[in-house]
Amino acid sequence: QVQLVESGGGLVQPGGSLRLSCAASGIISSPNTMGWYRHAPGKERELVATSTSGGSTNYRDSVKGRFTIFRDNAKNTVYLQMNDLKPEDTGVYYCNFGYWALTGRRDYWGQGTQVTVSS
């Protein structure tokens, strides 16, 4: 089992910045992927950014150049630095921890943290 605890959401004006963090605890398997997904009202949940334990990163096109995902493997923590935030970035952001077990894919999710970008 893996537990994920998120922090860092809030209300910010357009153009502002926020940093999300997600700490994983429990049985941490490696290799693994940690990442962020978001769910906006009326939309499906979408991938924002992911980071593998090997150092690879992936971003959705709309956040490239504005968001940076990075992790501290020693602390099993992943961060999402969000700059130049736009109203369309508003949503509930969920942390994800995933890995491939012998029996298949395992995914764990955080409780979600609200990000609201509004003037």
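Okay, let's start with strand 4, residues 33-39, and strand 9, residues 91-101: they run antiparallel, and seven bridges join them. Keep in mind as you look that this is a predicted model. If you want one spot to find that pairing by eye, go to glycine 35, whose bridge partner in strand 9 is asparagine 96.

Now stay on strand 9, since strand 10 comes up next. Strand 10 covers residues 104-109, and its pairing with strand 9 is antiparallel too, with six bridges. What do these two strands form? A hairpin, with two residues between them. For a landmark here, take tyrosine 99 in strand 9, which has arginine 106 in strand 10 as its bridge partner.

Strand 9 also meets strand 11, residues 113-117, again antiparallel, through three bridges. Look for tyrosine 93 there: its bridge partner in strand 11 is threonine 113.

A general word on side chains: in a regular strand they alternate between the two faces of the sheet.

Right, on to the rings. How many aromatic pairs does the structure hold? Three. One of them is phenylalanine 70 with tyrosine 79: the ring centres are 5.0 Å apart and the planes sit at 20°, so we call this pair stacked. The cut-off for stacked is planes under 30 degrees apart. And phenylalanine 70, is that buried or exposed? Its relative accessibility is 30%, so it counts as partly exposed.

Last stop, tryptophan 109. Over its ring sits the charged end of arginine 45, at 3.9 Å from the ring centre. And tryptophan 109 takes us back to strand 10, which spans residues 104-109. That's my tour, thanks!

Note on methods. Residues are numbered from 1 along each chain as its sequence is written. This is a predicted model: local features need pLDDT of at least 70, side-chain atom pairs count only at pLDDT 80 or more; totals for chains, interfaces and linings use all residues. Side-chain values use heavy atoms; hydrogens and water are left out. Rings of Phe, Tyr and Trp (its six-membered ring) pair if their centres lie within 6.5 Å; planes under 30 degrees apart count as stacked, over 60 as edge-to-face and the rest as tilted. Buried means under 20% relative accessible area, exposed over 50%, partly exposed in between (1.4 Å probe, protein chains only). A charge sits over a ring if NZ of Lys or CZ of Arg is within 6 Å of the ring centre and within 35 degrees of the ring normal. Two strands pair if DSSP finds at least two bridges between them. Helices (H or I, at least four residues) and strands (E, at least two) are DSSP runs, numbered from the N terminus.
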